[in-house]
Amino acid sequence: MAIIEINDLNKNFGSLLALDGVSMNVEQGAICGLLGPNGAGKTTLLRIINGILTKDSGTVKIFSEDASLETARKLGYMPEERGLYDNMTIENQILYLGQLKGGSAARIRTVMNEYLELFNLKGNEKRKLKELSKGNQQKVQIISTLVHEPQLVILDEPFSGFDPINGQLLQELIGRLHANGTTVILSSHNMHAVEEMCDSIALINRGRVLLQGDINEIKEQNKKDEIILVTSSPLPLSALGEKGLIDWMRLDSGAVKRKGYTYRLKKAPGISNIDLLTEISAHSEISLFEEALPSLNDIFISKVSVENN
């Protein structure tokens with residue numbers, strides 16, 4: 001069941017076409033990565049979903065209702081730009097924003113205390129936002145987004161200002177939300193985190209959706225018949241090339257961390273894995289032989305570069 005349904009969405013800012021016929025769905029309970037270069041239209045899309053901007057045409061349905069300020073009360077939206085108050089205390093800020101979203105003060109206080117404990121901010125409730133580090137301000141922003149326990153959470157660049165430890169903490173929190181059935185949209189340039197957490201993605205460029213769907217299926221669709229190979233001894237690269245088994249082959253120490261010699265190769269057209277394994281095994285013992293699937297970063301760069309040229 002789709003919790004967000006977007007069909008042929010268009011938005012102009014004067015002569016700038018920010019969204020050009022965007023259509024996409026986000027399934028209930030999914031973690032969906034929203035990807036795209038700067039200026040692609042991601043923030044415009046998220047603001048329309050949240051009822052902050054109005055569309056020019058198309059439809060946006062949230063929980064099967066037309067997107068509006070009323071449906072936005074059911075969401076948790078953390079924008080990339082901080083929308084907090086420098087001179088308010090952490091406690092008052094979170095309570096105020098949570099109640100704006102319709103949460104009860106008693107329940108919000110309970111949830112707030114749980115999150116303050118999680119993010120190591122317990123005991124800082126009376127401090128003003130401007131007294132905190134950038135990373136701790138980001139934590140308050142995240143807590144304010146989640147404190148009313150929304151069914152749909154939208155996080156725009158949530159890793160900004162986080163060191164690796166707090167980044168890992170945030171990943172674990174998103175995983176916990178997912179396990180409890182919360183739908184999460186994660187807009188981020190942190191490809192490693194998106195690849196690790198998300199089960200689906202949508203890639204937007206110049207206001208249009210370039211691809212969307214299950215991450216594993218997208219990787220399969222974009223693979224290039226490349227192989228990662230680990231052997232116990234060096235291989236005669238020129239000999240393999242002369243036999244027409246490979247288009248190219250190179251040492252690739254960064255591909256996997258295994259004892260031995262790691263290679264990355266591309267099979268020649270029509271060559272089966274058995275053909276290749278038979279020849280290579282005559283030269284060395286093989287400890288790893290697997291298809292190399294592209295990373296999200298590889299796919300991102302490839303698709304956007306083609307589109308922009």
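Tutor: Start with a definition: a polar contact is a pair of N or O atoms within 3.5 Å; within protein, one must be able to donate a hydrogen and the other to accept it, and residues adjacent in sequence count only if both atoms are side-chain atoms. This is a predicted model, with local features needing pLDDT of at least 70 and side-chain atom pairs counting only at pLDDT 80 or more, while totals for chains, interfaces and linings use all residues. Residues are numbered from 1 along each chain as its sequence is written, and side-chain values use heavy atoms, leaving out hydrogens and water.

Student: With which side chain does K267 make a polar contact?

Tutor: K267 sits in strand β13, residues 261–267 (strands are DSSP runs of E, at least two residues; helices are H or I, at least four; both are numbered from the N terminus). Leaving aside residues up to four places away in sequence, K267 touches several others (heavy atoms within 4.5 Å), among them D225, L245 and S272. Its side-chain polar contact, at 2.8 Å, is with the side chain of N273.

Student: How far from K267 is the nearest side chain of opposite charge?

Tutor: K267 is buried (under 20% relative accessible area; exposed is over 50%, partly exposed in between, 1.4 Å probe, protein chains only). K267 has no salt bridge, that is, no side-chain nitrogen of Lys or Arg within 4 Å of a carboxyl oxygen of Asp or Glu. Lys and Arg count as positive, Asp and Glu as negative, with His and chain ends not counted. The side chain to look at is D225, at 5.4 Å.

Student: Which residue pairs with R109 in a salt bridge, 2.8 Å apart at the closest N and O atoms?

Tutor: R109 is in helix α4 (residues 105–118), and its partner lies 18 residues away in helix α3. R109 counts as partly exposed because its relative accessibility is 36%. The partner counts as buried because its figure is 11%. That's E91.

Student: Salt bridges that share partners join E91, R109 and which other residue into one network?

Tutor: R109 and E91 already form a salt bridge. Sharing partners brings one more residue into that network, K126.

Student: How far apart are the closest N and O atoms of E195 and K219?

Tutor: This pair links helix α7 (residues 191–197) with helix α8 (residues 215–221), 24 residues apart. E195 is partly exposed because its relative accessible area is 26%, whereas K219, at 13%, is buried. The closest N and O atoms are separated by 2.3 Å.

Student: How many salt bridges does a search of the whole structure find?

Tutor: Another one is K74 with E65, at 3.0 Å. K74 counts as partly exposed because its relative accessibility is 35%. The search of the whole structure gives a salt-bridge count of 15.
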